[in-house]
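Work through the exercises below with the sequence and the model open beside you. Each task is followed by a solution that goes step by step.

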Amino acid sequence: MSPFLDGWIAHRCGLDAATPQSVLRVQLARFNAVLRHVRRNGVFYRKRLAGLFERRGDLIETGMWPREPFDVAEIPLTEAADIKRDGGRFLCVPLDEIARIVTLSTSGTTGIPKRLAFAADDLESTLDFFAHGISVLVRAGDSVLILLPGAERPDGVADLLRRALPRIGARGIPGDPAADPKLFRKEVERYRPQCLVAAPSQLRRLLEGLESPPNLRAVLSSAEPLPDDVRGALAARWGCAVFDHYGLTETGYGGGVECPSHDGYHLREADLYWEVIDPFSGEPVPDGTPGEVVFTTLTRRAMPLIRYRTGDLASMLPGPCACGSPLRRLSRIRGRLARGKDGTLTVIAPSKGWMGP
Ligand SMILES: [Zn+2]
């Protein structure tokens, strides 16, 4: 049996076996298809990448470029501010093919909301990742209490997760995201979930007022970086296995999830091409070196994102995982980059050990 997620990634890439080299070949071919898609159908990228299309257009049209990660570094980066300013111009499908628009009113300096659009098949690939990713902690027959927000919104993150769970024979129950320990205890007594999905801030609140919930075996932490003390308290006080997930709305919610070795995130490599760059120079950094996480959507149709800067600081972990997977893993998120109005970058480092660039 192949290690966690590797069989699924191989299947999604049309490969017999997923190795770093075979997956990279598929990713670069998909990257090429994304470039052709946005050149034909996307107003924003046709303009942003005009210089690239002038230099590399013939090679791109014949499927010959990019050929290696070195080539990718030549492509301009995309920032959150680009989406805020030019949201609609990112669209690459007719409006009637858009199944869902997510509006993010982030705390950014401009206050302008970010809008992201998804086609039905974009959402389907998220459902597929959720079903396979969460199988690291959820078994057939389990009930999963989901405290993430968005259960009331069709295609919100909680709703997508609830719909993905029956694919592995499990049941998802939307809980109250604002639950205090008392209400949470009622929900736990009523549904007796084996697994819980929640953000660290929710988990911290619930840990304060509740002894080990009966039946609860595993917790998936998502939406924010998981602090060590919350992870430790879940294991020590609740006796739970704890798995951390990394993803943004921009990645189509899912991005990567820990395996039982808990040594970095196994990435959603069939759908996303990940890079780590020096946030100040924009140059790629070697594995093991911290930098800003950047991704490109490889299968997104409605609103592809090319070399999108997440503002999250992490590193690619060198070497294979203890679980046996040879594929790349992303380290835990070590900090955030804040961008001032004048474009200056500040490193916010909540976790110990982050040295800064
Ligand atoms: Zn692993």
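**Exercise 1.** Work out how the donor residues of the zinc ion are spaced in sequence, and name the atoms that they contribute.

*Solution.* In this predicted model, the donor residues of the zinc ion follow the spacing C-x6-H-x54-C-x1-C along the sequence. Turning from the pattern to the residues themselves, the protein donors are Cys259, Cys321 and Cys323, each through SG, and His266 through NE2, and they lie 2.1 to 2.4 Å from the zinc ion. Cysteine 259 sits in the loop between β8 (256-258) and β9 (265-267), while cysteine 321 sits in the loop between β13 (316-317) and β14 (329-330), so this pair ties together parts that are 62 residues apart in sequence.

**Exercise 2.** Decide which geometry the 4 donor atoms give the zinc ion, and whether cysteine 259 and cysteine 321 are buried or exposed.

*Solution.* Begin with the angles: four donors count as tetrahedral if all angles lie between 85 and 135 degrees. The 4 donor atoms around the zinc ion subtend angles of 102 to 115°, and the arrangement is therefore tetrahedral. For comparison, the ideal angle for four tetrahedral donors is 109.5 degrees. Next take accessibility, where buried means under 20% relative accessible area. Cysteine 259, at 0% relative accessibility, is buried, and cysteine 321, with a relative accessible area of 5%, is buried too.

**Exercise 3.** Establish how many disulfides the model has, and classify cysteine 92 by its accessibility.

*Solution.* A disulfide requires a pair of cysteine sulfur atoms within 2.5 Å, and by this rule the count is 0 disulfides. Cysteine 92 has 5% relative accessibility and therefore counts as buried.

**Exercise 4.** Describe the largest cavity and the second largest pocket by volume and by lining.

*Solution.* First, the model has 1 cavity of 30 Å³ or more, and the largest cavity holds about 40 Å³ of space. Its lining includes Asp122, Ser125, Thr126, Arg268, Asp271 and Arg300, and helix α7 (residues 120-133) gives the most to that lining, with 3 residues. Sorted by class, the lining of the largest cavity has 1 nonpolar, 6 polar and 4 charged residues.

Second, the second largest pocket has a volume of about 360 Å³. It is lined by 20 residues, of which Pro69, Tyr273, Trp274, Asp287 and Arg328 are the closest to its centre. At least two residues of this lining come from each of α2 (20-41), α5 (69-72) and β10 (272-277). By class, the lining of the second largest pocket has 13 nonpolar, 3 polar and 4 charged residues.

Methods: Residues are numbered from 1 along each chain as its sequence is written. This is a predicted model: local features need pLDDT of at least 70, side-chain atom pairs count only at pLDDT 80 or more; totals for chains, interfaces and linings use all residues. Side-chain values use heavy atoms; hydrogens and water are left out. Donors are N, O and S atoms within 2.8 Å of the metal (3.2 Å for Na, K and Ca); water is not among the atoms, so sites may look incomplete. Four donors count as tetrahedral if all angles lie between 85 and 135 degrees; four count as square planar and six as octahedral if opposite donors are over 155 degrees apart and all others between 65 and 115; anything else is irregular. Helices (H or I, at least four residues) and strands (E, at least two) are DSSP runs, numbered from the N terminus. Buried means under 20% relative accessible area, exposed over 50%, partly exposed in between (1.4 Å probe, protein chains only). On a 1 Å grid over the protein atoms alone, a cavity is a set of points where a 1.4 Å probe fits but cannot get out, and a pocket is an open set with protein on both sides within 12 Å along at least five of seven lines; lining residues have an atom within 4 Å of a point. Grid points are joined across faces, edges and corners, and a volume is the space filled by probe spheres set on the points. Ala, Val, Leu, Ile, Met, Phe, Trp, Tyr, Cys and Pro count as nonpolar, Asp, Glu, Lys and Arg as charged, and the others, Gly among them, as polar.
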